[in-house]
Amino acid sequence: ISEKQIYSPVQTLDDDTEKIPYFTIDAYKDIEKWLAEEKEIIVEASMENEFYPDTPLVNVIGEKEGPISTLITCHLDSIYNGVGAHDNASGTIALLDLAKKDLPQGARLVAFDGEEMNKIGAYKYAAHLDKTNNLSQVKLQINFDSIAVGEFVYVLTSPQIYDHVKTLLADIPIEVVTREAFKQFDTWPFMQRGIPVIQIGSTSKDNIFRYFNSPNDTVGGNGYELDSALISQAVEIGHQIAHDFQANPERYPKA
């Protein structure tokens, strides 16, 4: 597994005290085979990574009239060698489909750039909102990321809204889970500021992550279909949550 093209760029998982580097090796099938054969696996990695501060990043923004209250987001970039059909053209499709629906006033739709470079677009946008005194208006973020492949949609929430969201979506056959922090997504720059966030994606009992961060993330090549029922379901969930938030903002408190 020494071919250069199977690696994603070195990224970092944000931590309170340090930046923890990680990278992805597209070798799931090989590793699964070796584990089944009870072989010892040793991975030696020599990594070199550079970030260019002047790299142009473009966030695409659409908004309803009125002060910002809800951020509905996705990321539009993919890794340097990946097609990005599932991660994250699927989330971008969901955002565009949701934009066609009746959304509450104050909804702002943002497609972030630079998610695959440690969420740079989301961090810069959060900083921009803070600088322009608009960040305090944001009361909820709904983020779509990788929702076309697998068996079912999952919804990941901030702890303070988990019980309400689980009850709200109780009649839908999906998985609703919560974590104290989910640092790998574009929700983290806002979660850090106490804003309740909801991450919508898809998953499977099988391991679907072998498609991530690789050239195999293509339409058809990984089970992905442009008319994925998972995308449609994710859009309906996002739409339902946005309107529930408008009707019951007190149930979405800041941390």
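**Strand β6**

I began with strand β6, residues 140–144, in this predicted model. I asked how many of its five residues are buried. The count came out at five of five, so I noted the strand as mostly covered, taking buried to mean under 20% relative accessible area.

Next I looked up how the two faces of β6 are covered. On one side I found L140, I142 and F144, and on the other Q141 and N143; all of them are buried.

**Neighbours of β6**

I then checked which strands pair with β6. Strand β4, residues 70–75, is joined to β6 by five bridges, and the two run parallel. Within this pairing I noted T73 opposite N143.

Strand β9, residues 197–203, is joined to β6 by four bridges, and this pair is also parallel. Here I found I142 of β6 opposite I198 of β9. I142 is also one of the buried residues I had listed for β6.

**Strand β3: G62**

I moved to G62, which I located in strand β3, residues 60–63. Is G62 buried or exposed? Neither: its relative accessibility is 29%, so I entered G62 as partly exposed, a class that lies between the 20% and 50% cut-offs.

I looked for what G62 touches beyond residues up to four places away in sequence, and I found A107, R108 and L109. I also took the C-alpha to C-alpha distance from G62 to A111, which is 8.9 Å, with the two positions 49 residues apart in sequence numbering.

**Strand β3: V60 and a surface patch**

V60 also lies in strand β3. I read 46% relative accessibility for V60, so V60 went down as partly exposed.

I asked which residues form a nonpolar patch on the surface with V60. They are V58 and L76, and the accessible area of V58, V60 and L76 together is about 240 Å².

**Whole chain**

Last, I looked up the totals for the protein chain. I noted six helices and nine strands. The chain has 255 residues, and 46% of them count as buried.

For surface, I recorded about 13,200 Å² exposed by the protein chain, with carbon and sulfur atoms supplying 52% of that area.

For contacts, I took those with a separation of 6 or more and asked what share comes from residues 24 or more positions apart. I wrote down 77%.

Technical notes: Residues numbered from 1 in each chain as written. Predicted model: local features only at pLDDT ≥ 70, side-chain atom pairs only at ≥ 80, totals over all residues. Heavy atoms only, no water. Buried < 20%, exposed > 50% of the residue type's maximum accessible area, 1.4 Å probe, protein only. Contact = heavy atoms within 4.5 Å. Areas by Shrake-Rupley, 256 points an atom, 1.4 Å probe, with all protein chains shown as cover. Pairing = 2+ DSSP bridges. Patch = residues over 30% accessible without salt bridge, like charges linked within 9 Å, V, L, I, M, F, W, Y side chains within 5 Å. Salt bridge = Lys/Arg side-chain N within 4 Å of Asp/Glu carboxyl O.
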